[in-house]
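Colleague: I'm new to reading models like this one. Could you walk me through it with a few questions and answers?

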Amino acid sequence: MGEPIYALYINGEWMATQETFPVYHKYNGQLLARVARAEQEHVRQAVTAARRNFEQSELTPFQRSQILQKAAEIATERRDELELSLAREVGKTRKDAAGELDRVINTLRLSAEEATRIAGEMVPLHATPGAENRIGFAIRVPRGVIAAITPFNYPLLLSTHKVAPAIAAGNTVVLKPASTTPLASYQLVEILEQAGLPKGHVNIVTGAGSEVGDWLLADERIAMYTFTGSGEVGKQIKQRSGLRPVTLELGNNSPNIVHRDADLQQAAAIIAQRSFHNAGQACIAVQRILVQEEVSEDFTEAYLGCVRQLRVGDPEDPATDIGPMISEKEAVRAEAWVREALAEGARLLYGGKREGALLYPTVLADTRPEMKVNGLEVFAPVVTIQSYQTIEQAFAIANDSAYGLQAGIFTRDLDLAMRAARKLEYGGVIVNDVSTYRNDVMPYGGVKNSGLGKEGPRYAIEEMTDLRMVVLNLNG
Ligand code: NAP
């Protein structure tokens, strides 16, 4: 008893609901809060508030920029408290939570900068005969109400990647966070309002995705959906949204190539350090390591040497490298995939142990492409090592995937790096670092089943605005 209750946040007012659901500490199971379960009428009210505030908003781009800049400052001041909250709500280690906070602050700041740069372009109407007296230009206009649906794994960052560019561009938002980690979204909106964002520009509706998501998709007043999460839900959103634009940031089974000319010690250290971020629950987490046969033994030995150093345990302990997964159910699912691979002939090089939601870093060899640990998105601290002979084989294995978000390659050969950039069918190719590298300024988004559209403030603003053509017919 005595735990906080988060009501819905609609038009700047807290709105209690009849039903609530619990949010737990992901390591010790303690009840952290209870959160409102929205009904369809609440979702309607949230969209009404967002639409009304969109129509009535008088914020200039400069004011929007100032609000987002101020939000970056407030997030910086509150970072200790926010990091601790992420450690509890997600089970994220303090190291990973600090990384998430750095990126939240960057994303707010970058969005603030982009707000002042939104411009259109001149269109040379004189390129066609008879248009000499006309001047044409396209301006960028906000789309209206944006529905943002976010996943559990980076709840503060991924909400920021949607809400901050939407605000920068002059839209209003209805935000639906993941039910396992909704508290971060409330913190984000609190920060934006402290920074001066008028009430009702961002509204939060919480509850089961299958219900709240469904109601959001049914509301024709929503101009655009921006979703990050699983492919399964992403496909439903694309089907249900009709002609309205969507951005979908979905999964991956990231390949990371280690070629024979790479600095093996450096590659092993970087890959080991970044293989298990967020307990492997990152869409661009290292999943498949492809090593050239000649250096496979040396690399594997160096890699395992680094993995052995990683500490598993309480995410609130600053020394911990790998905390729990989001739930015991998910850890059991990943463990079952590992067992299945072992039964089908894979070899366990390290790990494989599970205690509740804690899955120890697990490294497998002798896997085959059709095994779940390779072919599907494992979304757990599980990595496979496969060897290849020629780089063409490596590209073929890497591309033999339903996904295409990001890939990594370690090589000292610039020509090869550039060939990889052309050959790897991914939204991003990272050279001499892992697929997990993401800088918030860059365009980020996949091909194939990894999604549609780009994020990163500048690119998200392009997605969240429309080009409106203006033609002046001049007399004389
Ligand atoms: P998820 O199950 O797809 O849930 C994502 C969000 O969608 C949650 O808010 C969820 O609500 C909601 N939702 C569920 N069913 C829905 C429906 N029928 N209609 C509308 N919304 C619905 O994904 P997750 O388990 O939270 O996150 C893991 C996935 O996200 C992985 O596949 C990962 O690769 C992907 N991801 C991608 C990126 C990227 O940038 N590409 C980044 C991070 C994660 P509830 O929580 O209430 O079910």
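Colleague: Let's start with one pair: in the salt bridge that Glu328 forms with Arg354, how far apart are the closest N and O atoms?
Modeller: Keep in mind that this is a predicted model, where local features need pLDDT of at least 70, side-chain atom pairs count only at pLDDT 80 or more, and totals for chains, interfaces and linings use all residues. Residues are numbered from 1 along each chain as its sequence is written, and side-chain values use heavy atoms, leaving out hydrogens and water. A salt bridge needs a side-chain nitrogen of Lys or Arg within 4 Å of a carboxyl oxygen of Asp or Glu. Between Glu328 and Arg354, the closest N and O atoms are apart by 3.4 Å.

Colleague: And how many residues apart in sequence are the parts that this pair ties together?
Modeller: Helices (H or I, at least four residues) and strands (E, at least two) are DSSP runs numbered from the N terminus. Glu328 lies in helix α11 and Arg354 in strand β16 (residues 354-355), so the parts tied together are apart in sequence by 26 residues.

Colleague: Is Glu328 buried, partly exposed or exposed?
Modeller: Buried means under 20% relative accessible area and exposed over 50%, with partly exposed in between (1.4 Å probe, protein chains only). Glu328 has a relative accessible area of 44%, so it counts as partly exposed.

Colleague: What about Glu316, which residue does its side chain meet in a salt bridge?
Modeller: Here the N to O distance is 3.2 Å. The pair links distant parts of the chain, 228 residues apart: Glu316 sits in the loop between α10 (293-307) and α11 (328-343), and its partner is in helix α3. That partner is partly exposed, with a relative accessible area of 31%. The residue is Arg88.

Colleague: Zooming out, how far apart are the centres of domain 1 and domain 2?
Modeller: An automatic or database domain assignment supplies the bounds: domain 1 covers 5-250 + 450-470 and domain 2 covers 255-440. Taken over C-alpha atoms, the centres are separated by 31 Å.

Colleague: What area is buried between the two domains?
Modeller: The size of an interface is often given as the accessible area lost when the parts come together. Buried area here is just that, with a 1.4 Å probe and summed over both parts. Carbon and sulfur atoms give 51% of it, and the total is about 2300 Å².

Colleague: Which three residues supply the most of what domain 1 buries against domain 2?
Modeller: Their share is 24% of the area that domain 1 buries, more than any other three residues. They're Tyr27, Phe152 and Ser450.

Colleague: How many salt bridges are there between domain 1 and domain 2?
Modeller: Side chains of opposite charge can pair when their charged atoms come close. Lys95 and Asp321, for example, meet in a salt bridge at 2.7 Å, N to O. The whole structure holds 29 salt bridges, while the count between the two domains is three.

Colleague: Last one: is His201 buried or exposed?
Modeller: His201 is found in the loop between α6 (183-194) and β10 (202-204). Leaving aside neighbours within four places in sequence, it is in contact (heavy atoms within 4.5 Å) with Asn53, Ser57, Leu59, Ile167, Thr172 and Val173. At a relative accessible area of 5%, His201 is buried.
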